[in-house]
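Work through the exercises below with the sequence and the 3D structure at hand. Each task is followed by a worked solution.

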Amino acid sequence: AVVSTQSTGDRFGVDRKSGEQWLITIKDSEAFIPDVHENVIQVVNISTLTNRQYCVILDPMGEDGKNKLGQRKLIKGEKSFFLQPGERLEAGIQDVHILGEDEAIIVKAVLPFKDNGVDRQPGNLWMIRGACEFIPSVEMEIIDRRKAMPLDENEGIYVRDIKTGKVRAVVGQTYVLNQAEELWDKPLPEQIEKLLSAEVDPLADRTARAHNKDAKARQKHKVVSYRVPHN
């Protein structure tokens, strides 16, 4: 990367203003000796992406040679490139998100855009389900990655709708929380908590009075169940 110390033309016939920065690569010249009005400010290494990688450039340089401040540019592999003066990577080189059939990603729009015919506005949330490979565009950001929860016929979870506040139980199925749902912790009286966490077999230990001191705390988002002995 080179900076001009005064307004002048460079050896390639391009007019440069004082303080202007530009990049010289092997495509421009195999060897470079700075002019009296030029200073080398940085050696820029090439960035290389495989076909399973991507990156986002902040303040990308436009065709007019000026940085588009506040904008972002998505680069997908397979590709090699140099960062232009004023550009920087948002989060380095990242791997493509590979989702299995039991996985999903929650994304949020940060800019208005049309997504496969659907108008997305800033703040909109939606879910991308697997199996697929996913690269977020510059108009969106990843909020969360979720995995399906397989539930036995006697297992369940409490799910709360973020928009309405309504809580429901999901039992005996494989379930993935969508963008408008979250796990809900069911509060119980202290005595009930102790009883559920005691891990006492109601058949084998019907007369047991002592609780298991090493009992694990209850997972409060799981549906409450207790094995009741037959009379």
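**Exercise 1: the chain as a whole**

Task: state what share of the contacts in the protein chain between residues at least 6 apart in sequence join residues at least 24 apart.

Solution. The share is 56%, where contact means heavy atoms within 4.5 Å. The model is predicted, so local features need pLDDT of at least 70 and side-chain atom pairs count only at pLDDT 80 or more, while totals for chains, interfaces and linings use all residues. Residues are numbered from 1 along each chain as its sequence is written, and side-chain values use heavy atoms, without hydrogens and water. Next, the protein chain has one helix and 23 strands (DSSP runs numbered from the N terminus: helices H or I, at least four residues; strands E, at least two). Finally, 29% of the 231 residues count as buried (under 20% relative accessible area, 1.4 Å probe, protein chains only).

**Exercise 2: the largest nonpolar core**

Task: find which residues form the largest nonpolar core and which strand gives the most to this core.

Solution. A nonpolar core is a set of buried Ala, Val, Leu, Ile, Met, Phe, Trp, Tyr and Cys residues joined through side-chain atoms within 4.5 Å.

1. The nine members are Leu99, Ile105, Val107, Ala109, Phe113, Trp126, Ile128, Phe134 and Met140.
2. At least two residues each come from strand E13 (103–109) and strand E16 (125–129).
3. E13 gives the most, three residues.
4. Take Val107: leaving aside neighbours within four places in sequence, its contacts include Trp126, Ile128, Phe134 and Met140. Asn124 and Glu141 are also among the contacts of Val107.

Terms used: Buried means under 20% relative accessible area, exposed over 50%, partly exposed in between (1.4 Å probe, protein chains only).
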